[in-house]
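User: I would like a close look at a single part of this predicted model. Please set out in detail what the computed geometry shows there, and then place that part among its surroundings.

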Amino acid sequence: KANVWVHPQGVAAVVLVDNEYPMRVSFSLLSEAVRIFLERMQGKWEDTSSDQQFSVPEIEDLFQKFQNPAEADKLTKVESDLEEVKGLVMQSLDDLLKRGESLDQLMAKSKDLSNTSVQFYRTAKKNNQCCKMY
């Protein structure tokens with residue numbers, strides 16, 4: 001898809017991006033590129049009446065920087081980091097729930113073992129009553 005931004009002074013910029021590239025980030029790129037162009041090319045482009053090619057290395061560097069929207073845009077980076085933290089929290093909660101289930105099973109086994117040991121004690125005491133040593 002193509003995003004276009006026109007500055008009030010008549011300078012336009014166009015960027016072609018795929019559907020996954022955030023629109024807000026592409027317009028940030030365009031506005032920043034036009035701002036840099038107006039600063040560096042002041043007095044050189046205003047009197048042109050035909051298409052011209054101007055080389056501005058800072059804009060080329062800017063396009064390289066914006067190849068990864070998460071690195072170029074702080075808000076996108078924060079959103080990306082937030083998604084990563086959200087995934088970690090969800091995994092931790094899943095692990096915690098599994099651990100809770102394991103603790104419940106362990107408590108049930110402990111209760112069974114306790115009941116069995118009480119029965120063993122009673123049976124042993126009963127058996128020992130008939131066989132007294134004098």
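The part in question is helix H1, with its salt bridges and its aromatic contact.

Analyst: The model is predicted, and side-chain atom pairs are counted here only at pLDDT 80 or more.

Helix H1 covers residues 23-40, which is 18 residues. At 1.5 Å a residue, these should span 26 Å, and because the end C-alpha atoms are 26 Å apart, the expected and the computed span agree. The helix has a set of buried residues: Val25, Ser26, Leu29, Leu30, Ala33, Val34, Ile36, Phe37 and Leu38. Arg35, by contrast, is partly exposed, with a relative accessible area of 37%. Glu39 at 43% and Arg40 at 38% are partly exposed as well.

These three charged residues take part in salt bridges. Four salt bridges are counted in the model. One of them joins Glu39 to Arg35, with the closest N and O atoms 2.6 Å apart. Glu39 and Arg35 are four residues apart in helix H1, so about one helical turn separates them. Glu39 also meets Arg40 through their side chains, in a salt bridge of 3.2 Å from N to O.

Arg40 in turn reaches beyond the helix. The side chains of Arg40 and Glu58 form a salt bridge of 3.1 Å, N to O. Because Arg40 lies in helix H1 and Glu58 in helix H2, this pair ties together parts that are 18 residues apart in sequence. Glu58 is partly exposed, at a relative accessible area of 33%. Taken as a whole, the salt bridges link Glu32, Arg35, Glu39, Arg40 and Glu58 in a network.

The aromatic contact of helix H1 can be described in similar terms. A pair of aromatic rings is described by the distance of the centres and the angle of the planes. The count of aromatic pairs comes to one. Phe37 and Phe54 form this pair, with 5.7 Å centre to centre and 65° between the planes. The pair is edge-to-face because the angle of its planes is over 60 degrees. Phe37 belongs to helix H1, while Phe54 sits in the loop between H1 and helix H2 (57-65), so the pair links distant parts of the chain, 17 residues apart. The two rings differ in burial class: Phe37 counts as buried at 14% relative accessibility, since buried means under 20%, whereas Phe54 at 30% counts as partly exposed.

The surroundings include a hairpin and a nonpolar patch. Strand E1 (residues 2-6) pairs with E2 in the antiparallel sense over five bridges. Within this pairing, Asn3 stands opposite Val15, and Trp5 stands opposite Ala13. Val15 and Ala13 make up the covered face of strand E2 (residues 12-16). The uncovered face of E2 consists of Ala12, Val14 and Leu16. Five residues lie between the strands of the hairpin, where Gly10 takes a positive phi near 100°.

The patch lies on the surface and has an area of about 440 Å². Its residues are Val85, Val89, Met90, Leu93 and Leu96. Val85 is located in helix H4 (residues 74-130) and is partly exposed, with a relative accessible area of 44%.

Definitions and conventions: Residues are numbered from 1 along each chain as its sequence is written. This is a predicted model: local features need pLDDT of at least 70, side-chain atom pairs count only at pLDDT 80 or more; totals for chains, interfaces and linings use all residues. Side-chain values use heavy atoms; hydrogens and water are left out. Buried means under 20% relative accessible area, exposed over 50%, partly exposed in between (1.4 Å probe, protein chains only). Helices (H or I, at least four residues) and strands (E, at least two) are DSSP runs, numbered from the N terminus. Two strands pair if DSSP finds at least two bridges between them. Patches are made of residues with over 30% relative accessible area and no salt bridge: like charges are joined within 9 Å, nonpolar side chains (Val, Leu, Ile, Met, Phe, Trp, Tyr) within 5 Å. Accessible areas come from the Shrake-Rupley method with a 1.4 Å probe; for residues, only the protein chains shown count as cover. The expected span of a helix is 1.5 Å times one less than its number of residues. Rings of Phe, Tyr and Trp (its six-membered ring) pair if their centres lie within 6.5 Å; planes under 30 degrees apart count as stacked, over 60 as edge-to-face and the rest as tilted.
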